[in-house]
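Student: Could you pick one part of this structure and take me through it closely? After that, I'd like to work outwards from there to the rest.

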Amino acid sequence: MARLERLVNLISALLEANKPLSREEIQRRVPGYAQDAEAFRRAFERDKASLREMGLPVSTELLDPNYPEEGSGYLITKNDYALPDIGLNRDEMDALALAASVVRLQHADEVTHHALAKLGAGLRNTDERAHAVELVNDDRLATLFAARSALAPVTFCYRKKTRTVHVHRLSCRGGHWYVHGFEIGANDQRTFRLDRIESALTVGEQNGYVPPTEHDNRWLPTWEMGDAPAVEARVRVDREFVAVAQRQTEASPVNVDEHGNGEFLFRVVNEDAFGSFVLSFLEHAEILSPEPMRTRFVARVQSALEHHTAGAL
Amino acid sequence: MARPSPEKQLERLLVMVPWIMQHDGPSVDEVCARFAISESELASTLELLFLCGLYPFTPDALIEAEIVDDHVYIRSADQFNAPPRLNANEAIGLLATATAALRLDGNETNPVLQSAVNKLTSALGVQPSVTEIEVKPDLDHMLGLLQSAVSDHRTITTEYYSYGRNALGRRRLDPHAIFQADGRWYLLAFDADRAAFRTFRLDRMMNVEMTEATFVPRDDMPDEAAFSASKMFPCVRLRIALSARWVLEQYPTESVESSDDGSLEVTFRVSEPTWLHRLLLRLGDQATVLEGDHDVSSTASAILARYR
């Protein structure tokens, strides 16, 4: 109880302050801190960390900008702290609560309910089985979202390269989360799968880039991801599998012959991934063009056949 | 029951106090129901608030919190007249669920929920499409339909593209649950024709139709996370190069052993030879069969025949 009381008083003091409070002032004005300097320092650091972890905007500022040698103090700016009126009406709040009862983001029940509580939406009474759909979660989502909100570049290691990215969007597809954005080193749009990020995320200064425009909202299939220049490939798919191909690629055939067989056009950057995709249809799909890609595909199948036939001996 | 941590209690308090102040004397029952706390927890929170306030903690600087006639009143707490903003966890949690729910409605739009998402993203300073649960257009509709079927216990029929047999077939199923695993959406359903639960990939289901029939949900539903091929099917043991590790993520395996050179020895149950042939052709020399039937020649010939 004592710590909770101290935290409430600390937040009150920081919110009420209209200029930064020095540590000495905090120790004086907030009950519950020890007199001993070291004990106070430890307790205050712990409290500050707790508040920041909760997402409260405790800012550190110079006590007097004209006299930086005086050191820094702390405050919470009410405008930065308070939830603005989002303008949600009763129906909209109910719709959000209903959404949260139907879709569950793994391990995020408490967090989502707390968000609804902040917005003033009541919770719907649900039994466990009413969650028809479960979404996988990822620890890094919140950091990436915060970076996007703040327009702060993010740096991380991916496929053994360090990359700095302007986060534009986050998406979840087939149970994996992806971050889409502009990679500075590559000078191009890139997509990264979150569970393949090989290092911790480093978030830079806010307002480091302009917000994305509603440009490339298209989903990138595996064969469109990579560094190579793009090549257009034409594939014929047998009638019974045209719908399957449409489903998997979100593309429609550019033409359909009198038997119902379809021809698709694809933008190929990663030929290996594309070949694997075509292979998945076995004899029911065929690369028509470009000729070199068609030839290389035949060689790939031939080589695999030889490898696995040899292995049988 | 263990008391929540001071941080958790604080989080709750920062939302509860503004709400109580905004609602000007809500009933104790209302507060307890809304914030899922007991009356005694509410009482001790108010007691605590009574001790809080601003320096110098003279009576005028203290928070007033009391229960009168079963109604809760809080005054002199202007610093808490609004809840905190959504933090990043809360924002992404809510946006992800709302966006996914928008997809569930398939072809029908949900203007109220969309409007809520637009207002929320606007307040967060991001575009409405910042978070996308990318479900392919047909899957949107199917997810919604299957969700209804699961909730209402309605039998469905569907065409199912059997990856193993590289063929389509029509099935009649009792849907029990929808989940994600191995990077895919799955339906767990009872197949009456086969008198067994089966797992189906949503992206291989087509022309899903709800029937008039309803079913009684079975209580012998298997653990969703542990679906595995029948033990009757033969095994194939492969050596897989490090570069083909993704195979483990994609397909359920019987066993996996690592070797010193980084390659893996993986055993699969194979219910359909075509599935194995497809995998072997795709992996090429990244895989070698150590044990088991694996004659890919007819499958490969059929493919090569198209290129003559």
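Tutor: One term before we start: two strands count as paired if DSSP finds at least two bridges between them. Keep in mind, too, that this is a predicted model.

Let's zoom in on the hairpin in chain B. Strand 1 of chain B, residues 64–68, pairs with strand 2 of chain B, residues 71–75. The two are antiparallel, and 5 bridges hold the pairing. Look for B:Val68 and you'll find B:His71 of strand 2 of chain B standing opposite. Between the two strands of this hairpin sit 2 residues, and B:Asp69 has a positive phi near 55°. For background, most residues other than glycine have a negative phi, and most peptide bonds are trans. Going back from the hairpin towards the N terminus, the loop between helix 3 (39–50) and strand 1 of chain B contains B:Pro56. There, the peptide bond from B:Tyr55 to B:Pro56 is cis, with omega near 5°.

Chain A has backbone oddities of its own. A:His107 is not a glycine, yet its phi is positive, about 65°. You'll find A:His107 in the loop between strand 3 (103–105) and helix 6 (109–119) of chain A. A cis peptide bond also runs from A:Ser289 to A:Pro290, with omega near 0°. A:Pro290 lies in the loop that connects strand 13 to helix 10 (291–310) of chain A.

Strand 13 is a good way into the sheet of chain A. That sheet is open, with 4 strands in the order 11-12-10-13 and antiparallel pairing. Strand 11 (255–256) and strand 13 (285–289) of chain A are the edges, each pairing on one side only. Within the sheet, strand 10 (residues 231–237) and strand 12 of chain A run antiparallel and share 7 bridges. In that pairing A:Glu232 stands opposite A:Arg267 of strand 12 of chain A.

Next, the aromatic rings: over all chains, the whole structure has 19 aromatic pairs. One to pull up is A:Phe266 with A:Phe277: the ring centres are 5.8 Å apart and the planes sit at 80°, so this is an edge-to-face pair. A:Phe266 belongs to strand 12 (residues 262–268) of chain A and A:Phe277 to helix 9 (residues 271–279) of chain A, 11 residues apart.

As for charges, there are 36 salt bridges over all chains. Within chain B, the side chains of B:Arg170 and B:Glu209 form a salt bridge at 4.0 Å, N to O. That pair links distant parts of the chain, with B:Arg170 in strand 5 (residues 167–181) of chain B and B:Glu209 in strand 8 (residues 205–214) of chain B, 39 residues apart.

Now for where the two chains meet. The contact involves 113 residues of chain A and 104 residues of chain B. Together the chains bury about 9,800 Å² between them, and 65% of that is on carbon and sulfur atoms. On chain A's side, A:Phe145, A:Arg247 and A:His308 supply 9% of the area buried against chain B, more than any other three residues.

Between chain A and chain B you can count 7 salt bridges. One to look at joins the side chains of A:Lys118 and B:Glu90, at 2.7 Å from N to O. Polar contacts across this interface come to 36 residue pairs, both partners at pLDDT 80 or more. On the side of chain A that touches chain B, helix 1 (residues 2–16) of chain A gives the most, with 11 residues. That side of chain A is made up of 57 nonpolar, 26 polar and 30 charged residues.

Strand pairing crosses the interface as well. Strand 6 (residues 161–173) of chain A runs parallel to strand 3 (residues 131–133) of chain B, joined by 3 bridges. Here A:Leu170 stands opposite B:Thr131 of strand 3 of chain B. Set that beside the hairpin we started from, where strand 1 and strand 2 of chain B pair in the antiparallel sense.

Conventions. Residues are numbered from 1 along each chain as its sequence is written. Chains are lettered from A and ligands numbered from 1 in the order in which they are written. This is a predicted model: local features need pLDDT of at least 70, side-chain atom pairs count only at pLDDT 80 or more; totals for chains, interfaces and linings use all residues. Side-chain values use heavy atoms; hydrogens and water are left out. Contact means heavy atoms within 4.5 Å. Buried area is the accessible area (1.4 Å probe) that two parts lose on being put together, summed over both. A polar contact is a pair of N or O atoms within 3.5 Å; within protein, one must be able to donate a hydrogen and the other to accept it, and residues adjacent in sequence count only if both atoms are side-chain atoms. Ala, Val, Leu, Ile, Met, Phe, Trp, Tyr, Cys and Pro count as nonpolar, Asp, Glu, Lys and Arg as charged, and the others, Gly among them, as polar. Rings of Phe, Tyr and Trp (its six-membered ring) pair if their centres lie within 6.5 Å; planes under 30 degrees apart count as stacked, over 60 as edge-to-face and the rest as tilted.
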